[in-house]
Amino acid sequence: MTNAYPHLFSPVKIAETTVKNRIFMPPISTNLADKGYVTDDLVAHYAARAKGGVGLIVTEVTTVEPTYIYLPGDMSISDDSFIPGWEKLTKAVHQYGAKIMPQLFHPAYMAFPVPGTPRLIAPSNVGPYYAKEAPRAVTIRELEVIIEQFGAAAGRVKQAGGDGVEIHAAHAHGLLGGFLSPLYNKRTDPYGGDINGRLRLVLEVIAQVRKVCGKDFIIDVRISGDEYTDGGQNLNDSVYVAKQLEKAGADFLHVSGGTTIMRGSSIPAPGTPMGSHIRLAEKIKKHVSIPVASVGRITEPWLAEELIANGRTDICMIGRANLCDPAFVQKAEAGREEQIRPCIGCLRCLNGIMFGKRIACTVNPSLEQENEDTVSQAAQKKQILVIGAGPAGMEAAYIAAKRGHEVVLCEKEDEPGGLLRIAAVPIAKQDLTKVVKYMMENCTGQV
Ligand SMILES: Cc1cc2nc3c(=O)[nH]c(=O)nc-3n(C[C@H](O)[C@H](O)[C@H](O)COP(=O)(O)O)c2cc1C
Ligand code: SF4
């Protein structure tokens with residue numbers, strides 16, 4: 001097998017750990033946990049991505065304490081009862097040679113105000129998100145407890161066999177992101193004011209995690225290299241932040257961009273340039289010696305290879321494209337790019353979870369019924385005629401062919417795709433053409 005992507009498929013050393021390739025999966029909430037506990041569906045979901053070849057998985061937000069939840073189906077590791085589930089998950093992922101670490105998170109002012117939730121806490125009494133009432137500023141005494149909770153949560157991850165933790169301080173999101181951001185941190189005590197004050201909480205969390213988990217345990221920090229917002233953190237600030245995080249013992253930096261409030265800024269929509277936050281990673285990479293990861297619409301293997309080969313990032317975090325096709329990495333490595341089911345950036349995956357539903361994908365229906373491997377071979381092979389090569393017809397032909405049937409797909413127009421071809425016409429919708437191409441190349445029938 002020739003390797004068309006030698007940079008992408010070279011190992012990367014992170015502190016004491018070697019990761020087999022440079023495609024990592026960033027945190028993507030799925031709503032598949034049950035009251036914070038790992039479920040079989042959650043294990044299947046991450047195991048499928050590990051089997052598909054991802055080097056390291058950062059799981060979705062995982063809460064460190066029990067009072068506040070972000071989404072009803074989020075993960076937690078806030079006490080020892082969560083450890084057995086995490087053991088199952090880490091084992092399932094490790095069997096494929098991938099690493100796994102949770103994204104440790106305190107939702108603070110972005111918590112979902114389910115009945116019984118006390119008034120939300122925040123760096124300052126600024127910015128309700130879901131809640132109608134303004135949050136209250138968290139006290140220094142409460143922060144001391146929260147820092148301990150981050151440490152204890154990381155200790156449980158280590159006990160469960162996890163390879164490390166990601167500390168989520170990006171997107172002005174949740175407690176740590178809020179403290180770091182001048183948009184939400186209006187404090188005048190040692191945890192506010194200038195950039196050193198705003199950084200203090202994150203640095204104390206890193207120190208506590210290191211104290212509990214020791215050296216041989218990855219700590220990465222997710223930051224926004226630029227919040228793209230007037231009054232927010234900009235790239236100059238972030239270069240300084242990155243240097244302080246390195247000094248404090250972070251093992252790699254996951255450089256995102258934007259904020260959660262301006263959702264499209266952190267999770268780019270279709271039509272935004274691929275590699276949306278790469279400029280930020282590239283700049284930060286020049287100022288630190290630990291590995292730097294970039295994220296945002298890195299949807300095709302050639303682009304990921306270019307970004308690394310051209311020295312713009314060390315690692316590519318590939319999120320939605322790995323949702324859309326759990327075998328993205330394997331197919332890229334084997335040079336089977338035309339078999340990668342294309343992510344169109346439509347964000348149906350996000351819409352569903354924000355309304356409490358389990359994760360779903362426009363292009364990969366099997367995401368709702370993990371996983372596609374469960375499509376079994378038919379006991380009796382048949383000849384199947386599918387009339388109409390629009391989206392439904394193509395999907396029917398695709399699944400029938402996967403089940404081993406001999407498929408003929410008919411279309412009265414000159415080209416397949418139906419309404420998808422029209423939907424691809426407006427600006428920013430060109431990605432839909434990739435879906436038609438993919439379906440036609442993979443339904444393996446006669447047309
Ligand atoms: C459905 C969905 C859920 C997400 N959940 C999280 C999360 O739990 N924590 C987080 O920091 N980012 C989350 N993100 C943002 C992703 O980590 C990532 O930054 C974003 O999707 C851009 O990368 P991509 O274009 O490769 O998907 C989520 C994004 C999506 C689409
Ligand atoms: S729902 Fe849309 S954005 Fe999300 S993974 Fe699927 S194709 Fe990509």
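In this predicted model, His-171 makes contact with a run of residues well removed from it in sequence: setting aside neighbours within four places, the partners are Arg-222, Ser-224, Ser-256, Gly-257, Gly-258, Thr-259, Thr-260 and Ser-266. The histidine sits in the loop that joins strand E9 (164-168) to helix H4 (174-180). Is His-171 buried or exposed? With a relative accessible area of 7%, against a cut-off of 20%, His-171 is buried.

One of those partners, Arg-222, also turns up at the ligand. Ligand 1 has 21 residues around it, and those that come nearest are Pro-27, Ser-29, Arg-222, Arg-297 and Arg-320. Several polar pairs can be picked out here. On the nitrogen side, an atom of ligand 1 lies 2.8 Å from an N or O atom in the side chain of Gln-103. As for oxygen, one such atom of the ligand is 2.7 Å from a side-chain N or O atom of Arg-320, while a backbone N or O atom of Gly-319 is found 2.8 Å from an oxygen atom of the ligand. How much of ligand 1 does the protein bury? Of the 600 Å² that the ligand exposes when taken alone, 96% is buried by the protein.

Arg-297, listed among the residues that come nearest to the ligand, deserves a second look for its backbone. Its phi is positive, at about 50 degrees, although the residue is not a glycine. Most residues other than glycine have a negative phi. Arg-297 belongs to the loop between strand E12 (292-295) and helix H9 (301-309), and a relative accessible area of 6% makes it buried. Lys-35 is another non-glycine residue with a positive phi of about 50 degrees, but its setting is another matter. Lys-35 is placed in the loop between strand E3 (23-25) and helix H1 (40-51), and at 70% relative accessibility it counts as exposed. That loop between E3 and H1 also holds Thr-39. Thr-39 comes out as buried because its relative accessibility, 19%, falls under the 20% cut-off. Beyond residues up to four places away in sequence, Thr-39 touches Leu-32, Ala-33 and Asp-34.

Turning to the interior, the largest nonpolar core takes in 131 residues, and Val-221, Leu-245, Leu-253 and Ile-284 have the most contacts inside it. Which helix gives this core its largest share? That is helix H5 (residues 195-213), with eight residues. Leu-245 shows what the packing looks like from one position: not counting residues up to four places away, it touches Leu-199, Val-202, Leu-203, Ile-206, Val-221, Ile-223, Ala-250 and Leu-253. Apart from this core lies another, of 13 residues, including Phe-24, Met-101, Phe-252 and Ile-315. In soluble globular proteins, nonpolar side chains tend to be buried together.

Two loop positions further along the chain bring separate stretches of sequence into contact. Pro-342, in the loop between helix H11 (328-333) and helix H12 (348-354), is buried at 9% relative accessibility. Its contacts, leaving aside neighbours within four places, are Cys-324, Val-363, Lys-434, Val-435 and Tyr-438. For the pair Pro-342 and Val-363, 21 residues apart in sequence, the C-alpha atoms are 7.5 Å apart. Ala-428 occupies the loop between helix H14 (419-423) and helix H15 (431-442), and at 34% relative accessibility it counts as partly exposed. Its C-alpha atom is 8.8 Å from that of Ala-269, although 159 residues separate the two in sequence. Ala-428 is in contact with Pro-270 and Gly-271, again leaving aside neighbours within four places.

What about the chain as a whole? It has 15 helices and 15 strands. Its radius of gyration is 22 Å, close to the 22 Å that the globule rule gives for 447 residues, so the chain is as compact as a globular protein of that length. Along the principal axes, the C-alpha atoms fill a box of roughly 70 × 50 × 40 Å. Buried residues make up 58% of the 447. Among contacts with a separation of 6 or more, 67% are between residues 24 or more positions apart. As for the surface, the chain exposes about 18,000 Å², of which carbon and sulfur atoms supply 54%.

Note on methods:
Residues numbered from 1 in each chain as written. Chains lettered and ligands numbered in written order. Predicted model: local features only at pLDDT ≥ 70, side-chain atom pairs only at ≥ 80, totals over all residues. Heavy atoms only, no water. Core = buried A, V, L, I, M, F, W, Y, C linked by side-chain atoms within 4.5 Å. Buried < 20%, exposed > 50% of the residue type's maximum accessible area, 1.4 Å probe, protein only. Helix = DSSP H or I, 4+ residues; strand = E, 2+ residues; numbered from the N terminus. Contact = heavy atoms within 4.5 Å. Near = heavy atom within 4 Å. Polar contact = N/O pair within 3.5 Å; in protein donor to acceptor, adjacent residues only side chain to side chain. Areas by Shrake-Rupley, 256 points an atom, 1.4 Å probe, with all protein chains shown as cover. Rg over C-alpha atoms; globule rule 2.2 N^0.38 Å.
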